Amino acid sequence: MKKKLATLFAAAFVAVATNAVAAVPNAPITLPAKTGAVTFKHDTHKAMKCTQCHADEKGGKIEGLANKDKAHATCHECHKKEAKGPQKCGDCHKKG
């Protein structure tokens, strides 16, 4: 019985993990902004947990990201804290 339960649990875990990984976009995401569009690459951030930005592991829209202050708090502050990634306006914002 324990072996069946362990096998069932492992199968469920693999199914959930596979779905979470499959949901990560391959192509860069372009976020419009008045100061120039910001291109976000999930591949560059793959060492991070999804929940550092998203509400849960499923991903989806990040609440308030269209708001400049929220976007800077989410992205720019993390870049400063980690001392990684672009930190100047023009490093992220690119005029079309």
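**Figure 1. Cys92 counts as partly exposed, at 26% relative accessibility.** Partly exposed lies between buried, under 20% relative accessible area, and exposed, over 50%, with a 1.4 Å probe and protein chains only. The model is predicted: local features need pLDDT of at least 70, side-chain atom pairs count only at pLDDT 80 or more, and totals for chains, interfaces and linings use all residues. Residues are numbered from 1 along each chain as its sequence is written, and side-chain values use heavy atoms, with hydrogens and water left out. The cysteine sulfur closest to that of Cys92 belongs to Cys75, at 7.4 Å, which is too far for a bond.

**Figure 2. Cys53 and Cys75 are not bonded, because their sulfur atoms are too far apart.** A disulfide is a covalent bond between the sulfur atoms of two cysteines. Here it is assigned to a pair of cysteine sulfur atoms within 2.5 Å, and the count comes to zero. For the sulfur of Cys53, the closest cysteine sulfur is in Cys75, 6.3 Å away. Cys53 has a relative accessible area of 28% and is partly exposed.

**Figure 3. Lys80 and Glu77 form a salt bridge.** A salt bridge is a side-chain nitrogen of Lys or Arg within 4 Å of a carboxyl oxygen of Asp or Glu; two are counted. In this pair the closest N and O atoms are 3.4 Å apart. Both residues belong to helix 2 (residues 68-82) and are three residues apart, about one turn of the helix. Lys80 is partly exposed, with 42% relative accessible area, and so is Glu77, with 38%.

**Figure 4. Asp43 pairs with Lys46 in a salt bridge.** Their closest N and O atoms are 3.5 Å apart. Asp43 and Lys46 are both exposed.

**Figure 5. Strands 1 and 2 form a hairpin.** Helices (H or I, at least four residues) and strands (E, at least two) are DSSP runs, numbered from the N terminus. Two strands pair if DSSP finds at least two bridges between them. Strand 1 and strand 2 (residues 37-40) are antiparallel and share three bridges. Ile29 has Phe40 of strand 2 as its bridge partner, and Thr30 has Thr39. Five residues lie between the two strands, and in this turn Gly36 has a positive phi of about 125 degrees.

**Figure 6. Strand 3 joins strand 2 in an antiparallel pairing.** Two bridges link these strands, and Ala37 stands opposite Lys94 of strand 3. The resulting open sheet has three strands in the order 1-2-3, with antiparallel pairing. Its edges are strand 1 (29-31) and strand 3 (93-94), each of which pairs on one side only.

**Figure 7. The protein chain combines three helices with three strands.** Along the sequence, these elements follow the pattern α-β-β-α-α-β. Of the 96 residues, 10% are buried. The chain exposes about 8200 Å², 63% of it from carbon and sulfur atoms, with accessible areas from the Shrake-Rupley method and a 1.4 Å probe; for residues, only the protein chains shown count as cover. Among contacts (heavy atoms within 4.5 Å) with a separation of 6 or more, 33% involve residues 24 or more positions apart.
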